[in-house]
Amino acid sequence: MKIPFEKLDKAFENRLRLQIMSVLVANDRYDFNSLKELLETTDGNLASHLKGLEKEEYIVVHKAFLGRKPNTTYESTDKGKKAFKDHLDALEQLIKQQKKT
Amino acid sequence: MNNKVLYVEEKEIQNELASIRNLMERSSKFISLSGLSGILAGIYALIGAAFAYNIIYNYTSLPERGYVDNGAQATGLFFSSSYRMLEWKLIAIAFVVLVLSILTGIILSLRKAKRKGQPIWGKTSRSMLFYMATPLFTGGFLILIFIYRGHYSIVAPASLIFYGLSLVGASNFTYNDIKFLGLCDIILGLVTACIPGYGLLFWAIGFGVLHIVYGSVMYFKYDR
C-alpha cells in the first residue's frame, strides 16, 4: 500500500496554518483582528504563522490605515489556493486508500 | 496492529477536514441568523395585515371598494376626509410591524450568536447588512416617492420585490435557503403588480406566510 504522504504540504503541518489558509481561501480578504477572534489565538502565534505562509508565497499582506489605526489584511495567492486544494485532495486520498484496505 | 494505527489516523483526518469545512463556513457566512425570528416576523405581518384589512374595509361599504392608481381612484372610494386618517393608520401599522420584526431578529440572533461563538458585529454580518440594506433602502425611498405622487398600487409589489432582492443579496453571506425565500418574494411581487387591488392579500402571503414557512425550515435545520 502506498500512501501519498509526500503529497501533503509541509507548510500546512501546523494546524493553525491550515486553519488560517482555509479562512483566506473562503474569503477575498480577512483582517488580522477578525482572524484572531475567529481562530481564538494570540497575537504572536498568529503573526508568526502568517509570516510563515507569507514566506511560502501562499498569502500576500496588505497594509493600510483606517484613520490612524493600522488595518492589515491578508489575501491568499493563486499559488496558496492551489497548495491548499492539493493538500486537501491528498488528505482525502489518504482516507480513500485506507477504506479500500 | 497496523490497522488500528491507520484507523485512528483516518478518524483524525476526517475530523480535520470537518473542522476546515466548519471554519470556512463560519468565516464567510453569518450563521447566527435565527429561524425563530423569521417565524415571529411572519406572525407580526399576518396580525398587521389583519388590522389593515379591518381598517380599510370598515371604512368602506362593499360597492365603494376599489384601488387607487395613477393618482385617480378606480371607484369612488378615496379622497374623503377620513382618507388621510386611513393612510396614516396604515403607515403606522406597517411601521410597528417593521420595528417589531427587526427588534426580534436582532435579539434572537444575538442569543444564537452567543451560542455559536460568532461575533454579531463581525466581518460577515457587516457584509450581509450592507448587501441587504442597499436594495431595501432603494426600494423604501422609491415607494415613499411614489406614495407622495399618488401611485399607491406600487407599494405592495415594490416592497415584495425589493425585499426579495435584498434577501438574494444577503444569501451570499448566510444560509443559502434565504435565496429561495427572496426569489419567491420577487415572483410574488411581480404577480401582485399584474393584479392590482389584491396587494394586501399578496403582501400577507409574502411577508406573513412565506416568513413562517422559511422560518420553520431554518429553525428545524439550523437553530437546534
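## Two helices crossing in chain A

In chain A, H1(A) goes past H2(A) in a right-handed crossing (the near helix is turned clockwise from the far one by less than a right angle; anticlockwise would be left-handed). Helices here are DSSP runs of H or I with at least four residues, strands are E runs with at least two, and both are numbered from the N terminus. What you're looking at is a predicted model, in which local features need pLDDT of at least 70 and side-chain atom pairs count only at pLDDT 80 or more, while totals for chains, interfaces and linings use all residues. Residues are numbered from 1 along each chain as its sequence is written, and chains are lettered from A and ligands numbered from 1 in the order in which they are written.

The axes of H1(A) and H2(A) are 11 Å apart, and the two helices pack at an angle of about 125°. Axes are lines fitted to C-alpha atoms, for helices over the stretch in contact, with angles running from 0 to 180 degrees between N-to-C directions. H1(A) and H2(A) are therefore oblique to each other (under 35 degrees is roughly parallel, over 145 roughly antiparallel, 65 to 115 roughly perpendicular, and the rest oblique). On the H1(A) side, the contact uses Leu16(A), Gln19(A), Ile20(A) and Val23(A), and H2(A) answers with Leu35(A), Leu38(A) and Leu39(A); contact means C-beta atoms, placed from the backbone, within 7 Å. Sorted by class, that patch has six nonpolar residues, one polar and no charged (nonpolar: Ala, Val, Leu, Ile, Met, Phe, Trp, Tyr, Cys and Pro; charged: Asp, Glu, Lys and Arg; polar: the others, Gly among them).

## The rest of chain A

Chain A has four helices and three strands, and along the sequence they come in the order α-β-α-α-β-β-α. Its C-alpha trace spans about 60 × 25 × 20 Å along the principal axes. Out of 101 residues in chain A, 26% count as buried (20 or more other C-beta atoms, placed from the backbone, within 10 Å of the residue's own; 12 or fewer is exposed, in between is partly exposed). If you take the contacts in chain A with a separation of 6 or more, 58% of them join residues 24 or more positions apart.

Helix H3 of chain A covers residues 43–55, and Lys51(A) sits in it. Lys51(A) has 12 other C-beta atoms within 10 Å, so it is exposed. Between Lys51(A) and Val61(A) there are 9.3 Å from C-alpha to C-alpha, at 10 residues apart in sequence.

## Two positive phi values

Most residues other than glycine have a negative phi. Glu40(A) has a positive one, about 50°, although it is not a glycine. You'll find Glu40(A) in the loop between H2 and H3 of chain A, and it counts as exposed because it has 7 C-beta neighbours inside 10 Å.

Glu57(A) is also not a glycine, and its phi is positive, near 65°. Its spot is the loop between H3 and strand S2 (59–66) of chain A. Glu57(A) counts as exposed too, with 12 C-beta neighbours inside 10 Å.

## Where chain A touches chain B

The contact between the chains draws on 14 residues from chain A and 15 residues from chain B. On the chain A side, helix H1 (15–26), helix H2 (32–39) and helix H4 (78–100) each supply at least two residues. H1(A) gives the largest share of that side, five residues. By class, the chain A side has eight nonpolar, five polar and one charged residues. For the complex, the predictor reports an ipTM of 0.76 and a pTM of 0.75.

## Chain B: confidence and a helix pair

Chain B has an average pLDDT of 84, and 85% of its residues score at least 70; pLDDT is the predictor's confidence in each residue, from 0 to 100. Among the elements of chain B, helix H6 (residues 177–194) has the highest mean pLDDT, 95, and strand S2 (residues 72–73) the lowest, 50. In residues 74–78 of chain B the pLDDT is below 50, and this stretch has 14 contacts in the model beyond near neighbours in sequence.

Helix H5 (residues 155–170) and helix H7 (residues 199–223) of chain B cross at roughly 20°, with axes that come within 9 Å. That makes H5(B) roughly parallel to H7(B), and the crossing is left-handed. Val155(B), Ala156(B) and Leu160(B) of H5(B) meet Gly199(B), Leu200(B), Phe202(B), Trp203(B) and Gly206(B) of H7(B). The class count for this contact is six nonpolar, two polar and no charged residues.

Conventions:
Contact = placed C-beta atoms within 7 Å.
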